[in-house]
Amino acid sequence: MGLGPRSSHKAGRRFPAGGKRGRGAKASWRPTPGRERQPRPPAEGRSEPALDTPPHLSPEALGYFRRALSALKEAPETGEERELIVHNVLKEVEAQALALATNRNGSEMLQELLGFSPLKPLCRVWAALRSNLRFVACHRCGVHVLQSALLQLPRLLGSPAEEEEEEDRKDGPLETLEELVLGLAAEVCDDFLFYCGDTHGSFVVRTLLQVLGGTFLESERARPRGSQSSEVQRAPARECKPTDFEVPETFLNRLQDLSSCFLKDIAVFITDKISSFCLQVAFQILHRKLPQFCAHLCNAVIGYLSTRNSSADGSPLLLFLRDQTSSRLLEQVLLVLEPPRLQSLFEDHFQGQLQTLAAHPIANFPLQRLLDAITTSELLSPVFEELSPALEGIMAQGHPGVVVALVGACRRVGAHQAQVLQLLLEAFHCAEPSSRQVACVPLFATLMAYEVYYRLMEEEGAVPAQHQVEMAAARALGEVTVLGSLLLQHLLHFSNPGLILRSLGTLTGPQLLALAQSPAGSHVLDAILTSPSVTRKQRHRVLQMLKGQYVALACSRHGSRVLDAIWSGAALGARKEIATELGEQNQELIRDPFGHHVARNVALTTFLKRREAWEQQQGAVAKRRRALNSVLED
């Protein structure tokens with residue numbers, strides 16, 4: 001973003017769009033002497049001491065499993081042939097489970113094979129690995145096999161018991177899947193610090209916590225190989241999309257037992273980077289499944305941090321908000337605290353320090369999570385009063401996420417909306433003269449102040465120039481940032497989004513097309529279509545600027561999704577207009593990888609060849625939609 005000359009900052013300066021988190025330095029974890037790295041002797045029936053080297057997997061065996069996996073993928077979904085292949089392959093897997101799990105290529109194939117496995121073969125493979133649990137769990141390939149086995153739980157927990165085979169009777173009784181999971185949890189619990197502190201073992205702990213709680217966190221499931229970028233790793237916890245599944249009561253009991261282990265060494269889990277990830281996942285699971293224990297764990301963390309040495313400028317907690325590891329943990333604590341506890345935490349530790357935290361390269365992130373967690377006007381009002389005078393300065397320091405989170409809190413609570421919009425106009429230098437206000441959308445979207453976006457050279461202290469409509473129309477839309485898009489989405493959900501809609505209405509067709517085709521900007525169009533504050537008439541006024549742009553929209557990755565959304569909510573007359581325009585470039589659409597999906601969705605061939613049948617079809621669709629809407633409204 002840019003700051004104009006009327007700011008106390010340098011003229012022509014761009015507001016940074018919220019760059020890297022300021023946690024770039026790689027943390028090297030070393031175990032506490034005499035603790036994590038001193039393995040305990042295995043209990044009876046538990047895993048043996050770790051192997052020095054993994055067993056060798058021959059090229060012939062690797063080739064066999066590769067061919068078997070290919071055959072399994074090509075086999076029919078059901079039938080005797082598939083069952084026979086699965087049975088034979090997994091029988092071979094059982095004999096070489098450890099060698100497969102600890103071989104890079106073998107591990108990848110075994111993970112896929114477990115996805116096909118019925119209940120009993122998976123239990124046998126699991127049992128074969130269990131005797132070397134420590135070795136497998138802390139192996140860079142083996143850990144992913146254990147994760148994959150755990151991820152099969154939702155599919156297999158409700159499976160009917162299979163008939164016992166002759167081979168099973170020879171080998172002795174086979175443990176059930178529930179018993180295997182509980183046994184794994186017991187072993188992890190016995191050496192909790194070791195597994196949580198190990199780079200690979202911590203993945204097993206985190207997946208196990210989710211399985212015991214019957215909840216998979218999308219952010220955790222999306223890390224199959226540990227090869228994701230640092231930017232993905234920094235995705236905020238609020239973006240997680242949990243998936244729940246049924247688990248037996250014994251799992252929740254064991255979840256509480258496992259989570260109690262955090263309390264024994266709370267200092268390690270607060271300050272150690274690897275171990276801290278396990279506690280962060282535990283907070284998310286416990287908040288959903290065992291909220292009372294989650295509150296107890298939160299109080300233990302806050303209590304510990306509050307008793308450390310006081311910082312010179314306030315609460316001891318402020319020191320940890322500036323630390324790379326503990327600040328991430330505190331972000332999760334803030335997101336799971338109940339409103340009364342969050343209010344007291346703010347009053348005891350945050351109040352009076354918000355502007356300082358907003359300016360800090362690390363502490364601004366926990367502050368954003370505090371803003372994300374606000375649900376009451378009693379907490380929002382003092383927060384808004386403290387932060388509102390500093391919005392432009394916060395943007396100039398490169399922390400626009402704080403401002404976006406504050407606007408999101410105003411949207412969620414339904415308070416201070418007009419005030420925060422006025423402050424944004426002032427921060428982006430488009431409040432005065434009033435003619436500049438209709439230019440706010442491109443400024444907010446690109447996170448640039450007025451003078452920077454339009455490349456104006458104004459003298460210090462000079463009267464700001466009036467907005468030039470011709471100049472604005474000739475300027476191509478700048479690059480839409482993710483945070484700029486989020487800002488506009490929040491504003492469109494305000495109770496009165498009139499100014500934002502008027503500004504959108506001043507965009508030219510090519511400018512609105514560029515917004516719709518942008519990966520981030522396309523979500524602004526989604527907000528226009530879905531916001532309850534935007535009337536049908538206002539929506540139509542903005543979207544009519546896309547007439548003449550439908551083909552370009554349909555042939556764009558993100559624009560085609562926007563066009564599908566517009567089509568879904570369009571009346572029959574509007575659908576005819578869209579189909580007529582698309583029909584003029586039918587061959588181009590069919591050849592385009594995105595356009596041909598739009599053509600199919602619109603039933604363009606039917607429209608061009610059998611118009612009457614198309615109208616009847618679309619009329620029936622509209623009738624069903626109206627009936628569904630009436631049911632939902634009731």
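These legends walk you through an overall view and several close-ups of one predicted protein model.

**View 1. The whole chain, with its 42 helices and two strands.** Residues are numbered from 1 along each chain as its sequence is written, and side-chain values use heavy atoms, leaving out hydrogens and water. Because this is a predicted model, local features need pLDDT of at least 70 and side-chain atom pairs count only at pLDDT 80 or more, while totals for chains, interfaces and linings use all residues. Helices (H or I, at least four residues) and strands (E, at least two) are DSSP runs, numbered from the N terminus. Of the 634 residues in the protein, 52% are buried, where buried means under 20% relative accessible area with a 1.4 Å probe, counting protein chains only. The accessible surface comes to about 29,500 Å², and carbon and sulfur atoms hold 51% of that; the areas come from the Shrake-Rupley method with a 1.4 Å probe. Among contacts with a separation of 6 or more, 74% join residues 24 or more positions apart, a contact being heavy atoms within 4.5 Å.

**View 2. Phe428 meets Phe444 in an edge-to-face pair.** Rings of Phe, Tyr and Trp (its six-membered ring) pair if their centres lie within 6.5 Å; planes under 30 degrees apart count as stacked, over 60 as edge-to-face and the rest as tilted. By this rule there are eleven aromatic pairs. Here the ring centres of Phe428 and Phe444 are 4.9 Å apart and the planes stand at 70°, so the pair is edge-to-face. Phe428 lies in the loop between α27 (417-427) and α28 (440-446), and Phe444 belongs to helix α28, 16 residues apart. Phe428 is buried, with a relative accessible area of 0%, and Phe444 is buried with a value of 0% too.

**View 3. Tyr453, with Tyr454 and Arg475 for company.** Tyr453 and Tyr454 make an edge-to-face aromatic pair, 4.9 Å from centre to centre with 85° between the planes. Both Tyr453 and Tyr454 are buried. Arg475 lies over the face of Tyr453, 4.0 Å from the ring centre. A charge sits over a ring if NZ of Lys or CZ of Arg is within 6 Å of the ring centre and within 35 degrees of the ring normal.

**View 4. Further rings, in a cluster and under a charge.** Phe192, Phe262 and Phe269 are linked into a cluster by ring pairs. The charged end of Arg134 sits over the ring of Phe194, 4.3 Å from its centre.

**View 5. The largest cavity and its lining.** On a 1 Å grid over the protein atoms alone, a cavity is a set of points where a 1.4 Å probe fits but cannot get out, and lining residues have an atom within 4 Å of a point. Grid points are joined across faces, edges and corners, and a volume is the space filled by probe spheres set on the points. The structure holds one cavity of 30 Å³ or more, and the largest cavity encloses about 30 Å³. Helix α21 (residues 339-350) gives the most to its lining, with three residues. The lining residues include Pro339, Leu342, Gln343 and Ile374.

**View 6. Ile374, in the loop between α23 (364-373) and α24 (377-387).** Ile374 is buried, with a relative accessible area of 0%. Leu342 is 32 residues from Ile374 in sequence, yet their C-alpha atoms are 8.2 Å apart. Leaving aside neighbours within four places in sequence, Ile374 contacts several residues, including Leu342, Val383, Ala409 and Val413.

Conventions
Buried < 20%, exposed > 50% of the residue type's maximum accessible area, 1.4 Å probe, protein only. 1 Å grid on protein atoms, 1.4 Å probe; cavity = no way out; pocket = protein on both sides within 12 Å on 5 of 7 lines; lining within 4 Å.
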